[in-house]
Amino acid sequence: MTIKHLKSALLTMTLAGTFAGAAFAGGEHDGSHDAPNAEQEKSEHAHGKSDDGHAHDHDNEGSPVGKPARSTQATKTIEVTTLDNMRYEFSTTPEIKEGDIVKFVITNKGKIAHEFSIGDAAEHKAHQEMMRKMPGMVHQDGNTVTIQPGQTQQLTWQFKSGEAIFACNIPGHFEAGMFAKTDVKSAGDDAYIKSIIAGIEYGWENGDGTPFRKHFLDFDGARYIESGGQNKGLTSLVEHHVEPEKDALDYLKIDFSNIEIHYETNFAWAIADTRVKGKVKNSDRKFDKSGYQTFLFRKVDSVWKLVHSHSSSRDYKPGKHAH
């Protein structure tokens, strides 16, 4: 399977699972809002009001999932559509890392009002209880906007690591499945996964199975593919491939570069450009190959473990290999 196909499959799985919800339920906000496409800075400092004029202010600076930010600071933009079947549609799966500043552009294509609110489970529960007491409340807060039919609103948010929930807390909407969750990855996740890849590099070059035994998840059915051949299980990979390299080669140099890491819930996958150079002892044959390496990780007990790897390579030709 190509990386393009793998990413497409993972995206489909995520959309089918993470953003799945229940059936339709009615309910709407009353009240007015600012004009569609209002500048984000305006909404960052305004507060929601109920029909009796009471303002509502979220303490967003203390939110466990992050804080409001200015739209000019955004590092990425995600378009969101709210629908009357109590679903959000995202232009792309929210793949977010700690520190990312995301501008959400939310359009209501339904016939009733909807909310787009960012928080953790406790914040949404408190918000829902308040909304049941004041069902006519509308929002233009740092973490919540109400979108009337046909309107487009913006909300920009800087994320902390952990589970962030996007939800509509209008009575009946959340209960009908109008929410989505994303696991915001810690900035340390990238560094940790890259350290595993660096350990694999060292292990291959030195015929040392230690990094593999430490970071690979050993399980029935494990397959590790190397240049068209496969190793069935971790023991086979280490004892029949990695460690024998030390005696079979005069030297081996492996370079993983241009590493890209992507996350899908408790899974991560990385792709790297590869350059492999070495010399065989018995024949004095030298080789120089380039290609790609794919790594699939799973988080087990809060620790990333490598569960599958696949490499492909061919004779190196300058200028012919590009990620």
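# Exercises on a predicted model

In this predicted model, Leu 83 has Arg 87 of strand 5 as its bridge partner.

## Exercise 1: Strands 4, 5 and 6

Describe how strand 4 pairs with strand 5 and with strand 6, and state which residue between strands 4 and 5 has a positive phi.

Solution.

Step 1. Start with strand 5. Strands 4 and 5 run antiparallel and are joined by 4 bridges. The pair Leu 83 and Arg 87 belongs here.

Step 2. Look at the hairpin that the two strands form. There are 3 residues between the strands, and Met 86 takes a positive phi near 65°.

Step 3. Turn to strand 6. Strand 4, residues 76-83, pairs with strand 6 in the parallel sense, over 7 bridges. In this pairing, Thr 82 stands opposite Asn 108 of strand 6.

## Exercise 2: An open sheet

Give the strand order of the open sheet of 4 strands, and explain why one side of strand 8 and of strand 11 has no neighbour in the sheet.

Solution.

Step 1. Write down the order: 8-7-10-11, with antiparallel pairing.

Step 2. Find the edges. Strand 8 (144-147) and strand 11 (179-184) each have a single partner strand, so one side of each is left without a neighbour in the sheet.

Step 3. Add the angle between neighbours. On average, neighbouring strands of this sheet are turned by 15° against each other, direction ignored.

Step 4. Examine one pairing. Strand 7, residues 114-119, pairs with strand 8 in the antiparallel sense over 4 bridges. Glu 115 stands opposite Thr 146 in strand 8.

Step 5. Place the helix. Helix 3 (residues 121-133) packs on the sheet and touches strands 7, 8 and 10, and its direction makes about 145° with that of strand 7.

## Exercise 3: Ile 96

Decide whether Ile 96 is buried or exposed, and list the residues it touches.

Solution.

Step 1. Locate the residue. Ile 96 is in the loop between strand 5 (87-90) and strand 6 (101-108).

Step 2. Compare its accessibility with the cut-off. Buried means under 20% relative accessible area. Ile 96 has 2% relative accessibility, so Ile 96 counts as buried.

Step 3. List the contacts. Leaving out residues up to four places away in sequence, Ile 96 touches Val 102, Phe 159, Phe 166, Thr 182, Asp 183, Val 184 and Lys 185.

Step 4. Compare sequence and space. Ile 96 and Glu 264 are 168 residues apart along the chain, and their C-alpha atoms are separated by 9.9 Å.

## Exercise 4: Thr 274

Decide whether Thr 274 is buried or exposed, and find the backbone nitrogen that its side chain reaches.

Solution.

Step 1. Locate Thr 274: it is in strand 15, residues 267-280.

Step 2. Apply the cut-off of 20% for buried residues. With 6% relative accessibility, Thr 274 counts as buried.

Step 3. Follow the side chain of Thr 274. The side chain reaches the backbone nitrogen of Tyr 292 at 3.4 Å.

## Exercise 5: The largest pocket

Give the volume of the largest pocket and name the elements that give two or more residues to its lining.

Solution.

Step 1. The volume of the largest pocket is about 450 Å³.

Step 2. The pocket is lined by 21 residues, and the closest to its centre are Ser 227, His 241, Glu 245, Val 276 and Phe 287.

Step 3. Two or more lining residues come from each of these elements: helix 7 (245-248), strand 14 (249-264), strand 15, strand 16 (286-300) and strand 17 (303-315).

Terms used
Residues are numbered from 1 along each chain as its sequence is written. This is a predicted model: local features need pLDDT of at least 70, side-chain atom pairs count only at pLDDT 80 or more; totals for chains, interfaces and linings use all residues. Side-chain values use heavy atoms; hydrogens and water are left out. Two strands pair if DSSP finds at least two bridges between them. Axes are lines fitted to C-alpha atoms, for helices over the stretch in contact, and angles run from 0 to 180 degrees between N-to-C directions. Contact means heavy atoms within 4.5 Å. Buried means under 20% relative accessible area, exposed over 50%, partly exposed in between (1.4 Å probe, protein chains only). A polar contact is a pair of N or O atoms within 3.5 Å; within protein, one must be able to donate a hydrogen and the other to accept it, and residues adjacent in sequence count only if both atoms are side-chain atoms. On a 1 Å grid over the protein atoms alone, a cavity is a set of points where a 1.4 Å probe fits but cannot get out, and a pocket is an open set with protein on both sides within 12 Å along at least five of seven lines; lining residues have an atom within 4 Å of a point. Grid points are joined across faces, edges and corners, and a volume is the space filled by probe spheres set on the points.
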